[in-house]
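Thanks for sharing this one; I enjoyed going through it. Here are my notes, point by point, to read beside the coordinates.

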Amino acid sequence: MSQAVEERHETRDTDLGDEELRARLSKTWGTARGLIGILSTVDHKIIGIRYAVTAFVFLLAGGIMAIIMRLQLARPDSHFVDAELYNQLFTMHGTTMMFLFGVPVGEAFAVYLVPLMVGTRNIAFPRLNAFSYYVYLFGGLMLWGGFALSIRPDVGWFSYVPLANLNFTPGKGPDYWAQMITFTEVAALAVSVEIVVTVLKQRAPGMTLDRIPLFVWTMLVHSFIIIFAMPAIMLASSMLIMERLVGTQFFNPDAGGDPLLWQHLFWFFGHPEVYIIFLPGTAFVSAIVATFSRRPVFGYLPMVLSLIAIGFLSFGLWVHHMFVTGLPEIGAAFFTASSMAIAIPNGVQIFCWIATLWDGKPVLKTPLIFVLGFFFIFVAGGLSGVMLASVPIDTQVHDTYFVVAHFHYVLIGGTVFPLVAAVYYWFPKVTGRLMDERLGRWQFALAFTGFNVTFFPMHLLGLHGMPRRVYTYPAEMGWGGLNLLASAGALLFFASFLLMLYNMIASARSGALAGDNPWGADTLEWATSSPPQPQNFDRIPCVTSGSPLWDQGDDKAVVGGLKVDERELLVTSVTEARPDIREESPAPSIWPFLAAFATAVAFIGSIYTPWAVTWGSPVVAIVLVAWFWPKTIEENV
């Protein structure tokens, strides 16, 4: 028996023909049926889809809350919702969009696409990848479950102290908020580690640093920002819940604490968070512009250096959120300069994309149309950002709707418009079918019109003195007309996403068949079938160009020698991507799900008693031991 097992393990991909190889690899890398199989899968494509679907569900929930708030503000002296519910909606909307949608949706695309783009069969640490999704899911359900049970945070998505302290907000809502932050950021950190290792050590042979797709470069920088930024908010949220549960005094000035410490910790994370949300959008834009211009992006090296510069500079901007807190003038001057400096690498990217379109032969399909809309909206948001980097201007408009307008122009213009473009672009890769082009153009018209009608009037409202974070306003202030216009635009904008949802469902069922590479793109994810096989690639490709599908044609070199009946990956060197070693990729396991569940129970219990950490830790430890318990060869077969 052992000899038969050994012989089966030694079957290599070079020993089999194409059809038999595909069948054997699909069996080896496939996901088992049934509930246990579903919960145990470590296929990065399945987990990436789960991330994306969950994030879009949270987007829909957050969007509904935004509509309710806009209906409340549509007319002066409105009583559509009361102040208490409005504050809860405001908190949940911001928290959902920033933590449960903005970050995870970018990582969803990275989890799905990066292994395909670098030419490997699975993401690094696939069980950690499965664990990260369940942690994210349970964290979101924890927050929204609390909301459904009337345990609702109402201190804003930023949870400023002393308002968030126990003396001012005695309910459990802020505790749920704090634990959700800590919990879900564990998921973000896990995915980032996986992406960094996948990019640096699992690239296809020949994919040197100067041949890595710009999408992958962007996700690499994005992951490093998360690794260095997320610990700050996790530390802050842990300090907050300890202050509320066990009486620490980190933020109490009467006991030697400092409430500004919260703002420093929060915004040290919070401004890199803007780029954590924004950078995936630039990754989408780079891929789409190249494909529909029919040429590589102009200025590859300046683009990569700009991404790295954004990564570094994003950590030097956080104090521009605190200009009105009474900081020393020399500090304000420094952060003004750094806030303006980051416009330079962003500008380089914009000009490189425009040069690519100018020198290429653009094909106006729906993905590119949304990218063109992104150019207009993001540049407008960037201009208002430069205004807010100035201390005198920021001091005047800091607590007004001008900041709300800028914030949404940058994040929705910089993230959501490229995200919709990415959905239309990679939908054929995931489903094998194209989305309806006519409905896509109608969606763009609704989204572009609705967005600008919603948020441009908010600039004027802010300049006219309307404060943000208020649930109503008196009629004599004269803000009613612009608010009504903004609310009408919000309904149009929301309708555009309902149209996209209909388009996705209808196209998945009966859309036109796409083929393997419907757009004629140049990156490796389109070298596989659509949708991809469980193993991604039957034979690992070799790369000799930055645009392998354009330059290498159909006669692509491949690497052989990997086992067929075991999950084996090729590990390559960091700089030259030379084949280094063969490494076993972990098989599906139920233990990541159980570990996430045990951790979730411990976190939820700790909201009510610190002893839950003591009681829950042994359970989590037992599950982790079972997760990492070594298996024999026979057990792995």
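**Notes on the model**

1. Let me begin with helix H2, where Glu19 and Lys27 are exposed on the other side of the helix from its buried residues, which are Leu21, Leu25, Ser26, Thr28 and Trp29. Viewed down the axis of H2, the buried residues fall within an arc of 160 degrees, so they line one face. That set packs against strand S3 (568–572). Please keep in mind throughout that this is a predicted model.

2. The length of H2 works out nicely. Its twelve residues (18–29) should span 16 Å at 1.5 Å a residue, and the end C-alpha atoms are 16 Å apart, which agrees.

3. H2 also holds a salt bridge of its own, between the side chains of glutamate 20 and arginine 24, at 3.4 Å from N to O. The two residues are four apart in the helix, about one turn. Glutamate 20 is partly exposed, because its relative accessibility is 42%; arginine 24 is partly exposed too, at 25%.

4. Strand S3 comes up again in a link between distant parts of the chain. Arginine 12 forms a salt bridge with glutamate 568, with the closest N and O atoms 3.6 Å apart. Arginine 12 sits in the loop between helix H1 (2–9) and H2, glutamate 568 in S3, and 556 residues separate the two. Both arginine 12 and glutamate 568 are buried. Do look at Arg582 as well: a network of salt bridges links Arg12, Glu568 and Arg582.

5. Which loops does the salt bridge of aspartate 399 and arginine 468 tie together? The closest N and O atoms of this pair are 3.8 Å apart. Aspartate 399 is in the loop between helix H14 (391–397) and helix H15 (401–431), and arginine 468 is in the loop between helix H16 (437–463) and H17, so the pair joins parts 69 residues apart in sequence. Aspartate 399 is partly exposed at 43%, whereas arginine 468 counts as buried at 16%. By the rule used here, the salt bridges come to 15.

6. On the surface, Leu60, Ile64, Leu498, Leu501 and Ile505 make a nonpolar patch of about 400 Å². Helix H4 (44–73) and helix H17 (480–510) each give two or more residues to this patch, and the largest share, three residues, comes from H17. Isoleucine 64, in H4, is partly exposed at 41% relative accessibility.

7. Finally, histidine 264 in helix H9 (residues 259–293) is partly exposed, with a relative accessible area of 27%. Leaving out residues up to four places away in sequence, histidine 264 touches Trp318, Val319, Met322 and Leu327.

Conventions:
Residues are numbered from 1 along each chain as its sequence is written. This is a predicted model: local features need pLDDT of at least 70, side-chain atom pairs count only at pLDDT 80 or more; totals for chains, interfaces and linings use all residues. Side-chain values use heavy atoms; hydrogens and water are left out. Patches are made of residues with over 30% relative accessible area and no salt bridge: like charges are joined within 9 Å, nonpolar side chains (Val, Leu, Ile, Met, Phe, Trp, Tyr) within 5 Å. Accessible areas come from the Shrake-Rupley method with a 1.4 Å probe; for residues, only the protein chains shown count as cover. A salt bridge is a side-chain nitrogen of Lys or Arg within 4 Å of a carboxyl oxygen of Asp or Glu. Buried means under 20% relative accessible area, exposed over 50%, partly exposed in between (1.4 Å probe, protein chains only). The expected span of a helix is 1.5 Å times one less than its number of residues. The arc is that of the directions from the helix axis to the C-beta atoms. Contact means heavy atoms within 4.5 Å.
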